[in-house]
2 protein chains.
Amino acid sequence: MAVLERNNNLSQRMTQQLGRAIVCGDYSQGESLPTEADLCEEFGVSRTAVREAVKMLSAKGLISSRPRQGIRIMPEEDWNIFDSDLLRWSLEGNPSMRVLKEFLQMRIAIEPEAAALAARFARSERKQAIGDALERMRVAAENTENELEADIDFHISILYASENRFYIRMRDFTRTALNVSIRHTNVIKANPDGVIEDHAKVYHAICSGNAERAKNAMFLLIDEALGFIEQELEKNGDAT
Amino acid sequence: MAVLERNNNLSQRMTQQLGRAIVCGDYSQGESLPTEADLCEEFGVSRTAVREAVKMLSAKGLISSRPRQGIRIMPEEDWNIFDSDLLRWSLEGNPSMRVLKEFLQMRIAIEPEAAALAARFARSERKQAIGDALERMRVAAENTENELEADIDFHISILYASENRFYIRMRDFTRTALNVSIRHTNVIKANPDGVIEDHAKVYHAICSGNAERAKNAMFLLIDEALGFIEQELEKNGDAT
DNA sequence: TGCAACAATTTGTCGTACATTTGTTACACA
DNA sequence: TGTGTAACAAATGTACGACAAATTGTTGCA
């Protein structure tokens, strides 16, 4: 019998448990999950709890459930992969370098343009938040934990500074992407001062309202990581 | 007593009804929705149905519900606005030109880069799908309905051709964005042949594997619309 | 062989009862 | 008067049982 964690309420825990299992590939695509009745037994909970979990997962596009057919995994392209929970679950699934590449390919579209918008439209508080994060990166240079956190805040502040709800909504995506990065690359640490200076260039371009330069500076920042990854992937074929 | 549509099952209809109401701003941010009991009465359904709807909406980030506090609208920045349902609901809410601008600002990040990736990585079936859509645009030149559909397919095929799950996942976003566009702009019709040719340039660049040119061609395509909108917004201040 | 009727399976909906969480009120005590 | 605590109240959380509805498979008859 599967065991559930203690936090939150029962249906939320069920949701997490099942969601993680699906995202991590424990059930293959198109396959049928156990029926509600079976899940009740397996987890030792009432049908109410199971049904609420199923509803939440189907709201995220992971599954669909119909009479007689039972519960089916939806094709992966229908999953709401920008959902915060899904991002978290897939992060826990120890993503491959290939996935990291996909994250970076997406970031390289979003973040340079976000920086450009920030340069044009950001309110002053937003700009200040970027500066604060940059300063914290400088201070935390020795502490890897804090540095990652400040780094994440830097990139997210820029999303907010775009003053566009769609960019802002990418914050969990960017956060996850950076967390994935840190698992695969120590290249950043090779030249910490250089990295900080590259971030500073983005910040200054935004502050001075130079959209084109902000965009380019951010592009370079991400493109470097992307280039590194593509190189690694070619070398190893398919290593984790 | 509110009336529900006929389609789907009860909790899905409840979800749509409530979701639409929230997205359209019938309840203001931070406000409390009626309690489960009140919703049961208002819609004349059982608590089960209401609760399942609430769970689905909270899975989409629209609301949160806790004992004693009741059901609360979440701040808008926590909504999963890339969720297909949310996009559809907000489309039904007659979006303003300001929202259209946000859509275009996002598309101008995504689609040029998608085209670049397509030029580098697309499998041949994917390229063919783009070509098919382009051909259908040509044929449907007179029929506005069909033309929009073909146009949408063109842009979505390119997302698929990027061979990156995150870009592919943007398909509902792009579909919605184009549907929003069509409500606000007839500029496209001014010079139909020119528009088709601009699309064709993107297609040919992708086919010939020229990432840089594909990117630029797509950029121009969207930037034109964006420029038009920004101009309109400056003119009118804040018209619909 | 084709079609209709039936049966079985699974989710969908309802109602009730009680548990749990959390905010508020009221009271006792210093 | 202020403070801590106990009791209460209001909302969601969980469980169970019953039946409805939908879908699919099967059986049996023309």
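How many nonpolar, polar and charged residues does the surface near DNA strand D have? I began my notebook with that, and the tally by class is six nonpolar, seven polar and eight charged. A reminder to myself before going on: this is a predicted model.

**Entry 1: chain A on its own**

I wanted a feel for one chain before looking at its partners. Chain A has 12 helices and two strands. Reading from the N terminus, I noted the order α-α-α-β-β-α-α-α-α-α-α-α-α-α, with the two strands following three helices. Along the principal axes, the C-alpha atoms of chain A fill a box of roughly 60 × 45 × 30 Å.

I then checked the UniProt record, an unreviewed entry, which lists residues 8-76 of chain A as "domain: HTH gntR-type". In the model, that span is 51% helix and 12% strand. Its end C-alpha atoms lie 27 Å apart.

**Entry 2: around DNA strand D**

Back to the strand I opened with. I found 21 residues around DNA strand D. Those that come nearest are Leu10(A), Ser46(A) and Thr48(A) from one chain, and Arg47(B) and Arg51(B) from the other.

Which elements supply at least two residues each to this surface? From chain A I wrote down helix 1 (10-23) and helix 3, and from chain B helix 3, strand 1 (63-66) and strand 2 (70-73).

Next I looked at what the protein meets on the DNA side. Of the strand D atoms within 4 Å of the protein, 67% belong to sugar or phosphate, and the rest belong to bases.

I looked up some phosphate contacts too. The side chain of Ser11(A) has an N or O atom 3.2 Å from a phosphate oxygen of DNA strand D. For Arg51(B), one of the nearest residues, the side-chain distance to a phosphate oxygen is 2.9 Å. Ser65(B) uses a polar backbone atom instead, at 3.4 Å from a phosphate oxygen.

**Entry 3: around DNA strand C**

I repeated the search for the other strand. Here 23 residues surround DNA strand C, and the closest are Arg47(A), Arg51(A), Leu10(B), Ser46(B) and Thr48(B). By class I get six nonpolar, eight polar and nine charged residues on this surface.

The elements giving at least two residues each are helix 3 (47-59), strand 1 (63-66) and strand 2 (70-73) of chain A, along with helix 1 (10-23) and helix 3 (47-59) of chain B. Sugar or phosphate accounts for 66% of the strand C atoms within 4 Å of the protein, with bases making up the rest.

Which atoms of Leu10(B) and Ser65(A) lie by phosphate oxygens of this strand, backbone or side chain? For Leu10(B), a backbone N or O atom lies 2.3 Å from a phosphate oxygen. For Ser65(A), a backbone N or O atom lies 3.5 Å from one. Asn9(B), by contrast, places a polar side-chain atom 3.5 Å from a phosphate oxygen of DNA strand C.

**Entry 4: where the two protein chains meet**

Last, I turned to the contact between the chains. I see 43 residues of chain B in contact with 43 residues of chain A. The buried area between them is about 3800 Å², and carbon and sulfur atoms give 53% of that.

I counted 29 residue pairs in polar contact between chain B and chain A. On the chain B side, the elements giving two or more residues are helix 3, helix 5 (97-121), helix 8 (165-169), helix 9 (171-184) and helix 12 (211-236). Helix 5 of chain B gives the most, with 12 residues. The residues of this side divide into 20 nonpolar, six polar and 17 charged.

How many salt bridges cross this interface? The rule finds 10, while a search of the whole structure, over all chains, finds 42.

I picked out a pair of examples. The side chains of Arg171(B) and Asp78(A) meet at 2.6 Å, N to O. This salt bridge runs from helix 9 of chain B to the loop between strand 2 and helix 4 (84-92) of chain A. Glu76(A) and Arg165(B) also join in a salt bridge, at 3.3 Å. Glu76(A) falls within the span 8-76 that UniProt lists for the domain.

Terms used:
Residues numbered from 1 in each chain as written. Chains lettered and ligands numbered in written order. Predicted model: local features only at pLDDT ≥ 70, side-chain atom pairs only at ≥ 80, totals over all residues. Heavy atoms only, no water. Near = heavy atom within 4 Å. Polar contact = N/O pair within 3.5 Å; in protein donor to acceptor, adjacent residues only side chain to side chain. Helix = DSSP H or I, 4+ residues; strand = E, 2+ residues; numbered from the N terminus. Nonpolar A, V, L, I, M, F, W, Y, C, P; charged D, E, K, R; others polar. UniProt positions renumbered as here; feature names shortened; annotations may be inferred. Contact = heavy atoms within 4.5 Å. Buried area = accessible area lost by both parts, 1.4 Å probe. Salt bridge = Lys/Arg side-chain N within 4 Å of Asp/Glu carboxyl O.
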